[in-house]
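Please look over the model below before reading on. My notes follow as numbered points.

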Amino acid sequence: MNDPYSVLGVSPSASDDEVKRAYRDLARKYHPDNYHDNPLADLASEKMKEINEAYDAITKSREQGGGSSYSYGGSAYQTAGQSRGAGKNAQYIQIRNLINANNLAQAEAMLNAIGSHDAEWYYLMGSVYWRRGWMDQAGQYYRTAATMDPSNVEYRNAVQYMNQGGQAYRPTGGMGASMMGGDAACNMCQNLICADCCCEMCGGNLIPCIGCR
Amino acid sequence: MYGYVRPVKGELKISEFERFRGVYCGLCHELARRYGFLSRFLVNYDFTFLAMLLADEGPAKTCPRRCPSHPFRRTECLESSQSLQTAADMTVVLGWWKLADGTADGRLPARLGCGLACRALKRAYGRAAARQPDFAAAAEENLRALQKLEKEKCPSLDAAADKFARLLRSIASGVEDLARRRAAGELLYHLGRIIYILDAADDLAEDIKTDGYNPLRYRFQPVDGKLSDEDEKVLRTGMQHSHNALVSAYVLMGENVYAGILSNIIYLGLPAATQAVFAGTWNTSAKIHRKRSSI
């Protein structure tokens with residue numbers, strides 16, 4: 001295994017807090033939630049495992065204990081479709097497995113060979129497009145699936161995830177601009193208030209309170 | 001190329017800005033050195049970004065140089081390196097194709113200009129394509145496929161964007177390490193998608209006026225050259241997902257000497273460009289940017 005300190009990018013003389021902070025930032029970066037149905041999910045989970053091991057090794061060697069309770073469970077992550085309600089017929093299960101194995105061409109060929117298109121068909125076609133990076137088409141297929149079978153939680157979740165814009169890592173400190181716009185100013189205020197709270201904890205002040213002057 | 005891939009200058013450290021300018025000017029000098037004076041006009045922000053993203057040499061060396069646009073001021077330029085040479089080759093390949101594309105549509109004077117520039121750069125293109133045969137082949141294949149889709153008035157936004165995205169993804173094939181190559185490929189695919197969609201959104205009003213192809217015309221129902229609020233939301237949410245995928249790939253790329261600048265471009269620059277395009281201020285803000293920064 002690599003040197004646990006270099007994995008976390010801190011020096012061996014770093015304080016426990018610094019180690020924890022470095023670990024948390026990295027864990028936020030490679031968190032499975034950022035790799036929802038993503039073709040690079042395997043790379044991220046490897047990275048996550050490496051970070052968890054490094055953090056555990058450091059806390060163990062420092063004999064502080066309790067640190068491992070912070071470790072994010074990378075292995076608990078499962079790709080969509082694998083765990084959630086599988087389709088009725090065997091063909092759909094096979095297609096789901098192909099999608100999860102990133103074999104999109106074959107999954108698409110099998111889907112195209114199916115004559116009648118029910119909600120599950122639209123959902124799986126959406127998943128194929130999603131993994132390929134065709135987000136617009138994926139959204140249209142997910143919406144069709146959810147309209148055809150409004151009671152299905154999996155389809156509904158997919159539409160909701162699609163509409164809400166998903167998530168990815170953003171560094172702290174005002175680097176969190178969104179492509180969707182509209183709430184940029186709002187975010188700025190939130191960041192400022194956040195930063196102010198942090199500063200006040202350290203004894204500083206970004207937004208001076210009039211009464212305190 | 002398009003110029004959407006640029007940093008938010010006010011958020012760069014001064015040292016970062018100087019290094020960014022060093023790469024930009026270095027690329028321009030590299031173009032002149034390899035392909036002659038005329039190719040300098042092809043220098044752009046997009047390939048400056050790519051030169052930084054795929055730089056795998058250690059800390060880069062710079063040297064002060066003058067150039068025709070700043071005859072009295074020496075700029076610290078990045079010295080020639082493998083990644084800079086590759087970026088210069090690819091700039092010429094894609095720049096030439098873009099000019100060739102310009103001869104096919106647009107108004108007559110513009111077409112004539114593109115035709116002349118195309119002919120003048122023909123030899124440079126030949127040399128660049130010989131140095132980067134895989135990229136040249138990918139450029140030809142995908143841009144021809146894109147032209148075909150445009151002729152057919154393809155209604156799928158994803159299918160049209162896919163061609164340009166694949167073209168950018170092919171740049172990653174030169175990365176040696178497999179994990180890094182996969183991450184770079186995914187990043188570039190989504191970067192290509194975002195660039196293509198931004199360009200389509202930026203040109204929408206013009207394309208409607210001149211009855212040119214634009215995937216957004218067929219995917220949505222624009223009124224008076226503009227998308228409805230609802231359609232814009234759907235489009236931008238899709239772009240947000242692409243941006244998420246881009247970021248998730250970026251953090252898997254590993255260490256990079258230009259991390260500060262790249263992060264600025266990815267986390268701030270792309271959202272800012274998107275905001276400006278949809279607010280309809282991109283063309284004006286880009287012009288102001290060019291004047292003020294005058295790299």
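1. Surface of chain A. Chain A has an accessible surface of about 11,600 Å². Carbon and sulfur atoms hold 53% of that surface. This is a predicted model. Of the 213 residues in chain A, 42% are counted as buried.

2. Make-up of chain A. Chain A holds 9 helices and 0 strands. From the N terminus the order is α-α-α-α-α-α-α-α-α. Take the contacts in chain A with a separation of 6 or more: residues 24 or more positions apart account for 49% of them.

3. A backbone point in chain A. Asn102(A) has a phi near 65°. That value is positive, and the residue is not glycine. Where does Asn102(A) lie? Asn102(A) is in the loop between α4 (90-100) and α5 (104-113) of chain A. Its relative accessibility is 32%, so Asn102(A) counts as partly exposed.

4. Make-up of chain B. Chain B has 12 helices and 2 strands. Along the sequence the pattern reads α-α-β-β-α-α-α-α-α-α-α-α-α-α. The radius of gyration of chain B is 19 Å, close to the 19 Å from the globule rule for 295 residues, so chain B is as compact as a globular protein of that length. Its C-alpha atoms fill a box of roughly 50 × 40 × 40 Å along the principal axes.

5. Packing and surface of chain B. Buried residues make up 57% of the 295 residues in chain B. Consider the contacts in chain B between residues at least 6 apart in sequence: 71% of these join residues at least 24 apart. The accessible surface of chain B is about 13,500 Å². Carbon and sulfur atoms contribute 52% of that area.

6. Charges of chain B. Chain B carries 42 positive and 34 negative charges. How many Å apart are the mean positions of the two sets? They are 7 Å apart.

7. The interface. An interface is often sized by the accessible area lost when the parts come together. Here chain A and chain B bury about 3,200 Å² between them. Carbon and sulfur atoms account for 60% of that area. Which residues of chain A lose the most area to chain B? They are Trp134(A), Asp136(A) and Met179(A), which together give 24% of what that side buries. The contact takes 36 residues from chain A and 38 residues from chain B.

8. Ala177(A) at the contact. Ala177(A) sits in the loop between α8 (153-164) and α9 (184-201) of chain A. Leaving out residues up to four places away in sequence, Ala177(A) touches Arg170(A), Tyr267(B), Leu268(B) and Pro271(B). Is Ala177(A) buried, exposed or partly exposed? Ala177(A) has 26% relative accessibility, so it counts as partly exposed.

9. Leu270(B) at the contact. Leu270(B) belongs to helix α11 (residues 259-279) of chain B. Its relative accessible area is 1%; the cut-off for buried is under 20%, so Leu270(B) is buried. Apart from neighbours within four places in sequence, Leu270(B) is in contact with Met179(A). In chain B, its partners outside that range are Tyr4(B), Val5(B), Leu191(B), His243(B), Leu246(B) and Ile265(B). The C-alpha atoms of Leu270(B) and Ile194(B) are 8.6 Å apart, with their positions 76 residues apart along the chain.

10. Helix α8 of chain B. Arg180(B) is in this helix, which covers residues 178-210. Arg180(B) has 16% relative accessibility, so it counts as buried. Beyond four places in sequence, Arg180(B) touches Leu53(B), Leu54(B), Asp56(B), Val175(B) and Met253(B). Asp202(B) is also found in helix α8 of chain B. With neighbours within four places set aside, Asp202(B) contacts Tyr4(B), Val277(B), Trp282(B) and Asn283(B). Asp202(B) and Arg74(B) are 128 residues apart in sequence and 36 Å apart in space, C-alpha to C-alpha.

11. The loop after that helix. Asp211(B) lies in the loop between α8 and α9 (215-219) of chain B. Its phi is near 60°, a positive value in a residue other than glycine. At 51% relative accessibility, Asp211(B) counts as exposed.

Definitions and conventions. Residues numbered from 1 in each chain as written. Chains lettered and ligands numbered in written order. Predicted model: local features only at pLDDT ≥ 70, side-chain atom pairs only at ≥ 80, totals over all residues. Heavy atoms only, no water. Helix = DSSP H or I, 4+ residues; strand = E, 2+ residues; numbered from the N terminus. Rg over C-alpha atoms; globule rule 2.2 N^0.38 Å. Buried < 20%, exposed > 50% of the residue type's maximum accessible area, 1.4 Å probe, protein only. Contact = heavy atoms within 4.5 Å. Areas by Shrake-Rupley, 256 points an atom, 1.4 Å probe, with all protein chains shown as cover. Lys, Arg positive; Asp, Glu negative; His and termini not counted. Charge placed at Lys NZ, Arg CZ, Asp CG, Glu CD. Buried area = accessible area lost by both parts, 1.4 Å probe.
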